[in-house]
Amino acid sequence: MTTAPLRRWPNPALPDWDGSIAAALEQQVELSRRVTKRDDFATPLRTVAGFDVGFEDDHAAGDSMIVRAAAVLLDADTLEVLDRRVARVPASLPYAPDLLGFLGLPALFEVLGQLPQRPDLAFVDGHGIAHPRRFGIAAHFGVAADLPSIGVSNEVLVGTAAALHEIRGAHTPLRDHGEQIGWLLRSQVGGLPLVVSPGHRVSMTAAAQMVMRYVDGDRLPLPTRLADSLASRAGPP
């Protein structure tokens, strides 16, 4: 990974970032200390939302790449889709899987602002604290927006876990150097496990419970599945 300085983008949540990858890595460590790993979201939930970040150009395109953030707002009980939005923002740095927060945050802030209301809980396609510096995109977005959030990913960035039972809802701790950083969760019989971790203002226990609450027969929970579908399209929502 290059450490050359990159074009800065302004963000009030990260006023001291100079646009370099080296500084981004340092900020992840510093900002991870702001993550709250206890439940601090509305009960009962009224609304939930799925967020996903996609890319309209090849990763190798660098600054010409367009970051496409999608948000789908749902009624927490009926699962009625209340709103869906897309924001397109030029990328600020090359693609890197452990720096998706810096890459996606401008577009995520843009699409969050387009929603008619802030969700009580955000499901983010990506990692929460199950990240080398405990600050994946779900944690980054949650801390910067002060939004309760959960990370839901298809792949392990860091950590190991015991063998996972095949039954639906089975979950086992994902640990890194003895610290639990998330769960491997079997959301569907026969399906590959999800990596679920708190982003911000959500406990470890609730992260797995909330994801399973919104798994409706598909492997992915409904909020992130809808957001992923919207982020993957090339045209308007």
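Strand β5 is covered on both of its faces in this predicted model. On one side S149, G151 and S153 are buried, and on the other I150 and V152 are buried as well. This split into two sets follows a common pattern: along a regular strand, side chains point by turns to one face of the sheet and then to the other. The strand spans residues 149-153, and because 5 of its 5 residues are buried, β5 is largely enclosed by the rest of the structure.

The pairing partners of β5 come next. With β4, β5 pairs in the parallel sense, over 4 bridges. A122 is the residue that stands opposite S149 of β5. Between β4 and β5 the chain passes through α3, and the resulting β-α-β crossover is right-handed. With β8, β5 pairs in the antiparallel sense, over 5 bridges. Here I150 has P198 of β8 as its bridge partner.

From β8 the path leads on to β7. Strand β8 covers residues 194-200 and pairs with β7 in the antiparallel sense over 3 bridges. V196 in β8 is the bridge partner of W183. W183 belongs to β7, and P173 stands opposite W183. Strand β7, residues 179-185, is mostly covered, with 5 of its 7 residues buried. Strand β6, residues 171-176, pairs with β7 in the antiparallel sense over 6 bridges. The two strands β6 and β7 form a hairpin with 2 residues between them, and in this hairpin H177 takes a positive phi near 55°.

Aromatic contacts are the next topic. Two numbers describe such a contact, namely how far apart the ring centres are and what angle the planes make. The structure holds 3 aromatic pairs. In one of them, F109 and F141 have ring centres 6.3 Å apart and planes at 80°, so the pair is edge-to-face. F109 sits in helix α2 and F141 in helix α3, residues 137-145, and the pair links distant parts of the chain, 32 residues apart. The two residues fall into separate accessibility classes: F109 counts as partly exposed because its relative accessibility is 29%, whereas F141, with a relative accessible area of 0%, is buried.

Another aromatic pair is made by F123 and Y214, also edge-to-face, at 5.6 Å centre to centre and 70° between the planes. F123 lies in strand β4, residues 121-125, and Y214 lies in the loop between α4 and α5, so this pair ties together parts that are 91 residues apart in sequence. F123 is buried at a relative accessible area of 0%, and Y214 counts as buried at 2% relative accessibility. As for the grouping of rings, F51, F109 and F141 form one aromatic cluster.

The open space in the model can be described in similar terms. The largest pocket holds about 330 Å³ of space. Its lining consists of 22 residues, and L100, D125, G126, S153 and E155 lie nearest the centre of the pocket. Two elements, β1 (47-55) and α2 (100-114), give two or more residues each to this lining. Strand β1 supplies the largest share, 3 residues. Sorted by class, the pocket lining has 9 nonpolar, 8 polar and 5 charged residues.

Enclosed space is found as well, in 1 cavity of 30 Å³ or more. The largest cavity has about 40 Å³ of space. D125, V152, S153, N154, L220 and T224 line this cavity. These residues divide into 2 nonpolar, 3 polar and 1 charged. V152 and S153 are also among the buried residues of β5, where they lie on opposite sides of the strand.

A last point concerns a loop residue. S92 is found in the loop between β3 (81-90) and α2. S92 counts as buried because its relative accessibility, 5%, falls under the 20% limit. I66 is 26 residues from S92 along the chain, and the C-alpha atoms of these two residues are separated by 9.3 Å.

Technical notes: Residues are numbered from 1 along each chain as its sequence is written. Side-chain values use heavy atoms; hydrogens and water are left out. On a 1 Å grid over the protein atoms alone, a cavity is a set of points where a 1.4 Å probe fits but cannot get out, and a pocket is an open set with protein on both sides within 12 Å along at least five of seven lines; lining residues have an atom within 4 Å of a point. Grid points are joined across faces, edges and corners, and a volume is the space filled by probe spheres set on the points. Ala, Val, Leu, Ile, Met, Phe, Trp, Tyr, Cys and Pro count as nonpolar, Asp, Glu, Lys and Arg as charged, and the others, Gly among them, as polar. Buried means under 20% relative accessible area, exposed over 50%, partly exposed in between (1.4 Å probe, protein chains only). Two strands pair if DSSP finds at least two bridges between them. Rings of Phe, Tyr and Trp (its six-membered ring) pair if their centres lie within 6.5 Å; planes under 30 degrees apart count as stacked, over 60 as edge-to-face and the rest as tilted. A crossover is right-handed if, with the strands pointing away from the viewer, the path from the first strand over the helix to the second runs clockwise.
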